[in-house]
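Below is a short set of notes to read beside the structure. Please go through the points in order and find each residue as you meet its name.

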Amino acid sequence: MSTNKDNFNVADLSTALNAEDRADLVNALKNKLQDLAGKHSDVLESLTPVVRKRVDALREIQTQHDDLEAKFFEERAILEAKYQKLYQPLYTKRYEIVNGEVEVEGLEPAKDVEEKGVPDFWLIAMKNNEVLAEEISERDEGALKFLRDIKWSRVDNPKGFKLEFYFDTNTFFKNSVLTKTYHMIDEDEPILEKAIGTEIEWYPGKSLTQKILKKKPKKGSKNAKPITKTEQCESFFNFFSPPQVPEEDDDIDEDAAEELQNLMEQDYDIGSTIRDKIIPHAVSWFTGEAAQDEYGDIEEDDEEEDEDDEEDDEDDEEEDDDEDDEEDDEEESKNRKKSSAVRKGGVRAPAGDGPQGERPPECKQQ
């Protein structure tokens, strides 16, 4: 099975590791470098002794850098754990305001249930993120309106992280909490091993991940009842049924393995977006400020590129016009020369296959 090990994202993976495993990431990188050095040993062998000695000195510097980087990962993990605890009271206050359990200072407690809290807070926050907006269908919005909170936590055995989605009582499913857990494996290098999601207990006829199609029986058919067929459909709630890796590599061919790899990367991208962007900066995504900060620069770059393209097109048109003018001038010059030569009476027709003085066959006037 193809695991695409040469292309892993260090930034994403490092955030998914716990404190004890930060140094392992650096060791994995060092091992990777050593493997590459072994594969390309012919490069080192081709160096002169003097250059080889300089390269060895550079490699020693790299080792010192890697040791410092390992300490950085360790200290960053401790710092992250410290601040993660400091964040929790703030997340609690956010939860209470969003769900109308407390009122902010200066406001009278809302009497009407519909006026409490911030309606559709998490739904709007997620829809303002491009990665998540692509996953949320119009049918999903009714259920996501009941979303009260999203939390994440590290898991140590096996290492990884878990997302928890807390829902109010609703008409779509029985679960009050839906979870998604990402398990990481660290052998040659840290990679995503698998993801596990909650099995959603849908109420009858309420599933958002499936739709039931009813077809009328053909004329003359003995069965008069409509034929029902269940089809999978796009939904954010498919996030809780992640792609599964076969137990044996032999169970999957190369094309299917590549497709599975892409699906797992997309699934991890959604999970890490919720963990790293939506949860810590939810109100900024709700107001759209985070989207403006993240995507505004991209739009400005696109506009600049469009302006550059327009300028290039104008330049091309001017060049074309100049070329046309030059061609016209050349043609006029040739005509003047021809006219002058005719007046002098000494010009022959161009040589061709036909008799002397005639145009070649392809140039005869019709």
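1. Start with Tyr87, which lies in helix 4, the helix covering residues 49-98. Keep in mind while reading that this is a predicted model. Is Tyr87 buried, partly exposed or exposed? Its relative accessibility is 36%, so Tyr87 counts as partly exposed.

2. Tyr87 also belongs to a nonpolar patch on the surface. The other members of this patch are Leu79, Tyr83, Leu86 and Leu90. Together the five residues have about 490 Å² of accessible area.

3. Helix 4 also holds Arg76 and Glu80, which are four residues apart, about one turn of the helix. Their side chains meet in a salt bridge, with an N to O distance of 3.9 Å. A salt bridge here requires the nitrogen to be within 4 Å of the oxygen, so this pair qualifies. Arg76 has a relative accessibility of 24% and therefore counts as partly exposed. Glu80, with a relative accessible area of 27%, is partly exposed as well.

4. Which residues are linked with Arg76 in a network of salt bridges? The network consists of Arg76, Glu80 and Arg154. For the whole structure, the search finds eleven salt bridges.

5. Next, look at strand 1 (residues 147-156) and strand 2, which run antiparallel and are joined by nine bridges. The two strands form a hairpin, with two residues between them. One of the pairings can be followed by name: Ser153 has Lys162 in strand 2 as its bridge partner.

6. Why is strand 2 described as largely enclosed by the rest of the structure? Strand 2 covers residues 159-167, and seven of its nine residues are buried.

7. Lys162 forms a salt bridge with Glu164, and the closest N and O atoms of the two are 3.8 Å apart. Buried means under 20% relative accessible area. Glu164 has 17%, so Glu164 is buried. Lys162 has 25%, so Lys162 is partly exposed.

8. Another salt bridge joins Lys180 and Asp267, where the closest N and O atoms are 2.7 Å apart. Lys180 lies in strand 3 (residues 177-186) and Asp267 in helix 8, so the pair ties together parts that are 87 residues apart in sequence. Both partners count as buried: Lys180 has a relative accessible area of 0%, and Asp267 has a relative accessibility of 7%.

9. Glu265 is found in helix 8 too. Its relative accessible area is 39%, so Glu265 is partly exposed. How many residues apart in sequence are Glu265 and Leu192? They are 73 residues apart in sequence, while the distance in space, C-alpha to C-alpha, is 8.8 Å.

10. Finally, find Asp253, in the loop between strand 6 (227-232) and helix 8 (254-278). Asp253 has a relative accessibility of 49% and so counts as partly exposed. Which residues form a negative surface patch with Asp253? They are Glu254, Asp255, Glu258 and Glu259.

Methods
Residues numbered from 1 in each chain as written. Predicted model: local features only at pLDDT ≥ 70, side-chain atom pairs only at ≥ 80, totals over all residues. Heavy atoms only, no water. Patch = residues over 30% accessible without salt bridge, like charges linked within 9 Å, V, L, I, M, F, W, Y side chains within 5 Å. Areas by Shrake-Rupley, 256 points an atom, 1.4 Å probe, with all protein chains shown as cover. Lys, Arg positive; Asp, Glu negative; His and termini not counted. Charge placed at Lys NZ, Arg CZ, Asp CG, Glu CD. Buried < 20%, exposed > 50% of the residue type's maximum accessible area, 1.4 Å probe, protein only. Pairing = 2+ DSSP bridges.
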